[in-house]
Amino acid sequence: MKLLKLIPDNTNIHFLKWTWPFFITNLLAMAASIVLLFTHGLNLGVDFIGGQMIRVTFERSAAAPVSELRESVGALGFGEPTIQTFGKPNEVTVRMRLPDGSEGHPELAEAMAQKIIGTIRQNHADARIDGVDSVSGKVSGELFRTGMLALGLAMLGITIYIWVRFEWQFAVGALFALVQDILLTIGMFALTQMEFDLNIVAALLTLLGYSLNDKIVVYDRIRENLKKFRKMPLPELLDLSVNETLSRTIVTSTSVLITLFALLLLGPEVIFGFTAAIALGIFIGTYSSIFMSAPFLIWLRVNSDSFVSTETSLDRQERLARERGA
Amino acid sequence: MLDFPKWKKAWYWFIAGVAMLASLPSIFAISGLNWPASLPSPRVHLGLDLAGGSHILLEADKRQVAQQRLETMEEQVRTKLKAAEPAIEVGDISSQGGRLSFMVKNPGQVDSAREAIQPLTTGAGLTGQRDWDIEVVDGSRFVLTPTQQGIDQAVTNAMDTAVEVVRKRIDALGTREPTILRSGDQRIVVQVPGLQDPNQLKQLLGQTAKLEFKLVDVTAQPDDIAKGIAPAGSEILPYADPKEGRGSPGLAVRRLGGIKGDQLTDARQAFDPKSNAPVVSITFNTAGGAKFAQLTTENVNKPFAIVLDDKILSAPNINEPILGGSAQISGSFSVQEATQLAIALRSGALPVDLKVVEERTVGPDLGADSIHKGAIAMAVGTGLLMVFMVLTYGRFGVYTCVALIINVLMILGVMAVFGTTLTLPGIAGFVLTIGAAVDANVLINERIREERARGRRVVASVEHGYKEASRAIFDANITNSIAAVMMFAFGSGPVRGFAVVLMIGIVTSVFTAVTLTRMWVAGWLHRARPNDLVL
């Protein structure tokens, strides 16, 4: 039986040749993401800015009557609603700011929800109310802070772990890759204006873990080769390591993407944004593993001495002290 | 590394078998089959986002607890000093700025006043610090300042009571399997699966249900009441229902001398025998009944106000002493309102007002739809992935697939045994775990391929493949765990569900993808003794 090979054996691609074009492209993409964040901003969900979100499915319509809804709900005098379809065209979320003074009097928010739901039901017999989320400004602020804190701590934790397991140069490379993955994914959310809520933060955290997976495999191979081929010039060694792990990188990413695409196309619409974020992030992560793992190690001058000796860090400090003295 | 003694094999199969068996009840439930009731049935719980229901986050106001404590202290101090022998006269009592201060009129009594007040403060917390600091300034002015420990302790006590009261009230509604939890130091999470209209629940929880009977100050002029000016020693309270006031916005009631309605043994909705209007009939316990009898005996032919949460329900006249220990509360109720009030009174007053700060309700159809679609996506994704694996790795791909199926069942089984909750993002976590679990096998298989290409013999390359790949698998799983732990620590309900699936998946996938496949490959090498590998 002939087996499928996505990547032929013994590839010898000079990835490092493309370092600069890719690095500059990356920096430009990251800059673009930041610009998008400022110009378009994120379409933050009620989780993060507070407010009320009503999910409605129009069971017997092909598409939700969005403009009609906007008009009828807007006419109730609670302000302009943000109406967005998610997943299928007949499923929408209607988002509203909470009425003034509802911090002290939650019944105002309740009354608003009842009125909006009443209006929608009255005008559309096939409307099925799938849920109401109401989050006060105080809670949403906390959710935003803890979400960002979790992201920050996870990045820090992972970077420290890599520093301990490998070397600081690897940790810097990994941190850059993480920042890039997160930034580009967030940039994509700013561009498409998909709703950014708590679930997306979970998606970003997942992404951190999986994107690091890829890098660790490449780093592990670099470490191994550094020990094995002590005389090989660093650029050549790095290219070799990326080539050797290329097949695995591609096969694994393909595996994860196969399941994610099944989920995107067939899975529940409610988590479309969540799945899309992970799929996108894994794509970006794969590309950055292949092209961006190695350059940092060259710039930061990794060498085989970091790994070959069996001396403990204490021994090494003593030795370095001795050498400095001599 | 490729030697597996019989006991080891048996042990691995036993672990996998038990975990897979534990998944059966959940699988039966999802596919709509009946699991025999006589067998143990650990089951994966469905989160609110899948089962439908209401999630409500309630928040208490810490300042209110502190304020109430201050008021109680003022009352206690007054009583104590009045009861002292000889009575200690005080003046200029103020509770401004969160502290209680008063003058002792006779400076010679400062020491005895201190002695009388001292027992009112107690040690709080483990440090043994007192819950109030007592200071004497300018010779005769007492200042009582609550300590932080004291306030914290009071908030904790209030929240503990509040959780109990909330539980009683929800139970009284007859809803099934509510989850009621303290969250942080001043919040309570309430989750009620299957509840579609949380309105009634919210109204019930939003009611503090502090019932008081206060004497009406008949000296107050209607004009003053309209302007909000109360005679000394009285306060103006508004009517709960403007109809009761017949045009007047409120009523002046005496601050002191009333009784609290918290000493009840029962409260039920009933109908007034004369007007047939819905009322709540209450029964006092012995102590409460005695106080109520005394109040009504001393104030025959005077009106008294029935006050609920600082609003007047009604202000009937006391026609005769009420001695039987039961009474009727009237106040323009609908039957539903009266029933609700009865429940609230029965379960006791909340020690502090609770406000809804977050509320999420999910309809039942959306959840059922999500489970259905999630299951399809998972089946299709897994199927395609298995085809891909077999095409890429041949026999080794088949091992990967079997490991994958066992992995899925094991995750379900472990979740069921621990009673974890499957949420909507959890389904995504499941699918993702499946995709990522094969990573370990990909790493191993690629490595074996490489070792073989370098000219190692079959057995040696398999051995090396597993050994060299384990390092990267280990590191990768640690970084994933770091992310999952962060998610669990900082996430809320659904996100936590996702993190749990990821964590369980990390553990089971190492077992199935590394340990089990190694066992199978070893068995095959042993039996077939192949000269070459198709890989």
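User: Which residues of chain A does the UniProt annotation "domain: Protein export membrane protein SecD/SecF C-terminal" cover?

Analyst: Good place to start! According to the unreviewed UniProt entry, that annotation covers residues 121-301 of chain A. Keep in mind that the model is predicted. Over residues 121-301, the chain is 82% helix and 6% strand, and the C-alpha atoms at the two ends of this stretch lie 66 Å apart.

User: Which domains does the domain assignment give for chain A?

Analyst: Domain 1 is written as 15-41 + 140-308, while domain 2 is 51-135. The C-alpha centres of these two domains of chain A are 38 Å apart.

User: How many residues does each domain bring to the contact?

Analyst: Domain 1 of chain A gives five residues and domain 2 of chain A gives six. On the side of domain 1 that touches domain 2, there are two nonpolar residues, one polar and two charged.

User: Now for helices. At what angle do helix 1 and helix 9 of chain A pack?

Analyst: Helix 1 (residues 19-39) and helix 9 (residues 272-299) of chain A meet at about 105 degrees, and their axes are 10 Å apart. Angles from 65 to 115 degrees count as roughly perpendicular, so helix 1 and helix 9 of chain A are roughly perpendicular to each other.

User: Which residues make that contact?

Analyst: From helix 1 of chain A come Thr19(A), Phe22(A), Phe23(A) and Asn26(A). Helix 9 of chain A adds Phe291(A), Met292(A) and Pro295(A). Sorted by class, the contact of helix 1 with helix 9 has five nonpolar residues, two polar and no charged ones.

Terms used
Residues are numbered from 1 along each chain as its sequence is written. Chains are lettered from A and ligands numbered from 1 in the order in which they are written. This is a predicted model: local features need pLDDT of at least 70, side-chain atom pairs count only at pLDDT 80 or more; totals for chains, interfaces and linings use all residues. Domain bounds come from an automatic or database domain assignment. Two residues are in contact if their C-beta atoms, placed from the backbone, lie within 7 Å. Ala, Val, Leu, Ile, Met, Phe, Trp, Tyr, Cys and Pro count as nonpolar, Asp, Glu, Lys and Arg as charged, and the others, Gly among them, as polar. Axes are lines fitted to C-alpha atoms, for helices over the stretch in contact, and angles run from 0 to 180 degrees between N-to-C directions. Helices (H or I, at least four residues) and strands (E, at least two) are DSSP runs, numbered from the N terminus. Angles under 35 degrees count as roughly parallel, over 145 as roughly antiparallel, 65 to 115 as roughly perpendicular and the rest as oblique. UniProt positions are given in the numbering used here, feature names are shortened, and annotations may be inferred rather than shown by experiment.
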